[in-house]
Amino acid sequence: MEGAHVAIKAKKAHREREREEMPADPKAAAKLIKQLEKQMLEHAKNLEFEAAAALRDRIKHIEQSAYIDNA
């Protein structure tokens, strides 16, 4: 049951982040992505894979919206 609770929590956090305004410039977007990557890795380390996946999706959305080259 705890897995279901974590999944619900991750989805809620993901919806809240989706509502956040996208950074206007690429430097701000890159900074936000680094912060989100750190959080994502922490969630994965704690075996909170749904939360980590939500952050991964958020990062991809920011990259696409800000036209950031991830190479």
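**Entry 1: buried side of H2**

I listed the buried residues of H2 in this predicted model and obtained Ala29, Leu32, Ile33, Leu36 and Met40. I then checked their directions around the axis: the arc they cover is only 105°, which means that they sit on the same side of H2. This fits the general pattern, since an α-helix has 3.6 residues a turn and residues three or four places apart therefore point the same way. I next looked up what lies against these buried residues of H2, and found that they pack against H3.

**Entry 2: the opposite face of H2**

I examined the face of H2 turned away from its buried side. The exposed residues there are Lys27, Lys31, Lys34, Lys38, Leu41 and Lys45.

**Entry 3: length and ends of H2**

I recorded H2 as residues 26-45, a helix of 20 residues. From its first C-alpha to its last, H2 reaches 28 Å, close to the 28 Å expected at 1.5 Å a residue. At the N-terminal end I found a cap formed by Asp25, with a side-chain oxygen 3.0 Å from the backbone nitrogen of Lys27. Beyond the other end, I noted that Leu47, which follows H2, has a positive phi near 60°.

**Entry 4: H3**

I turned to H3, which comprises residues 49-66. I compared its span with expectation: the 18 residues should span 26 Å at 1.5 Å a residue, and the end C-alpha atoms are 25 Å apart, which agrees. The buried residues I listed for H3 are Ala51, Ala52, Ala54, Leu55, Arg58, Ile59, Ile62, Glu63 and Ala66.

**Entry 5: Glu63**

I asked whether Glu63 of H3 is buried or exposed. Its relative accessible area is 12%; the cut-off for buried is under 20%, so Glu63 counts as buried. I also looked up its separation from Pro26, a residue 37 positions away along the chain: the two C-alpha atoms are 9.0 Å apart.

**Entry 6: the chain overall**

I closed with the totals for the protein chain. I counted 3 helices and 0 strands, in the order α-α-α from the N terminus on. Of the 71 residues, 23% are buried. I also noted the contacts between residues at least 6 apart in sequence: 65% of them join residues at least 24 apart. The chain exposes about 5600 Å², of which carbon and sulfur atoms supply 55%.

Key: Residues are numbered from 1 along each chain as its sequence is written. This is a predicted model: local features need pLDDT of at least 70, side-chain atom pairs count only at pLDDT 80 or more; totals for chains, interfaces and linings use all residues. Side-chain values use heavy atoms; hydrogens and water are left out. Helices (H or I, at least four residues) and strands (E, at least two) are DSSP runs, numbered from the N terminus. Buried means under 20% relative accessible area, exposed over 50%, partly exposed in between (1.4 Å probe, protein chains only). The expected span of a helix is 1.5 Å times one less than its number of residues. The arc is that of the directions from the helix axis to the C-beta atoms. Contact means heavy atoms within 4.5 Å. A polar contact is a pair of N or O atoms within 3.5 Å; within protein, one must be able to donate a hydrogen and the other to accept it, and residues adjacent in sequence count only if both atoms are side-chain atoms. Accessible areas come from the Shrake-Rupley method with a 1.4 Å probe; for residues, only the protein chains shown count as cover.
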